[in-house]
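Hi,

Here is the structure I said I would pass on. Have a look, and my notes are underneath.

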Amino acid sequence: YKRQVLVTYGDIVFERKIIQQMLEITDGIRLAVNLNWKECYQNRTMHPLSEAENVLIENGRILQIRKNISKALKNQQIGEFLGIMMLSSDQIKILLERYSYLKKNHMGAFHNSSSLSNAYITDMLQEIINCGINVNPVFTEGKWCEIDTPEDLRNAEKSLRTYTGPAKNEGEKI
């Protein structure tokens with residue numbers, strides 16, 4: 001049995017169901033992905049669609065991860081990375097070894113960032129993909145919200161108030 005590590009962005013809220021879906025897949029580094037992501041931007045006037053952290057998927061694998069992916073071939077899909085990923089302890093070791101190597105040897109721009117020190121986790125995930133490590137989508141179903149603006153907070157509060165899913169305690173919504 002290998003240990004699994006769950007990593008999430010700090011500005012998201014989500015249903016427990018999404019974590020359960022993440023645990024059902026065991027292959028590769030797993031990223032929670034929403035294929036109906038454009039719907040989530042309908043009430044987000046302060047957060048444009050172009051800010052979405054997209055993934056380009058082909059044959060069940062993520063080929064690309066970055067903001068504003070807008071073109072895909074017929075056999076490819078575009079989804080949004082929710083900011084939730086699951087890794088084994090072995091995969092974390094690979095990630096850290098690659099980062100350590102890059103820190104000593106890399107100069108200049110790094111994927112979609114101006115430098116390694118200014119990079120996002122999505123840049124590091126793209127690096128891992130480019131090195132041939134499997135990064136797989138977990139197509140999630142369930143409510144989730146990213147909270148980047150006051151408008152996002154209001155939308156999340158409204159969404160959570162209307163949520164009536166399984167709760168153990170009266171106060172537990174998600």
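A quick definition before the details: a residue is called buried at under 20% relative accessible area, exposed at over 50%, and partly exposed in between. Cys131 has a relative accessible area of 41%, so it falls in the partly exposed class. Cys145 comes out at 14%, so that one counts as buried. The model, which is a predicted one, holds 0 disulfides.

Next, helix α3, which spans residues 121-130. Most of this helix is covered, with 8 of its 10 residues buried. The buried ones are Thr122, Asp123, Met124, Leu125, Gln126, Glu127, Ile128 and Ile129. And what sits over them? The cover includes strands β3 (29-34), β4 (53-58), β5 (61-67), β6 (76-88) and β7 (135-139), along with helix α2 (89-105). Just past the end of α3, Gly132 has a positive phi of about 90°.

The residue I'd point you to in α3 is Asp123. Which side chain of opposite charge is nearest to Asp123? That is Arg66, but it is 9.0 Å away, and Asp123 has no salt bridge despite being buried. Asp123 does have polar partners: its side chain makes a polar contact of 2.5 Å with the side chain of Ser113, and a polar atom of the Asp123 side chain lies 2.9 Å from the backbone nitrogen of Tyr120. Leaving aside residues up to four places away in sequence, Asp123 touches Phe110, His111, Asn112 and Ser113.

Cheers

Notes
Residues numbered from 1 in each chain as written. Predicted model: local features only at pLDDT ≥ 70, side-chain atom pairs only at ≥ 80, totals over all residues. Heavy atoms only, no water. Disulfide = S-S within 2.5 Å. Buried < 20%, exposed > 50% of the residue type's maximum accessible area, 1.4 Å probe, protein only. Helix = DSSP H or I, 4+ residues; strand = E, 2+ residues; numbered from the N terminus. Contact = heavy atoms within 4.5 Å. Lys, Arg positive; Asp, Glu negative; His and termini not counted. Salt bridge = Lys/Arg side-chain N within 4 Å of Asp/Glu carboxyl O. Polar contact = N/O pair within 3.5 Å; in protein donor to acceptor, adjacent residues only side chain to side chain.
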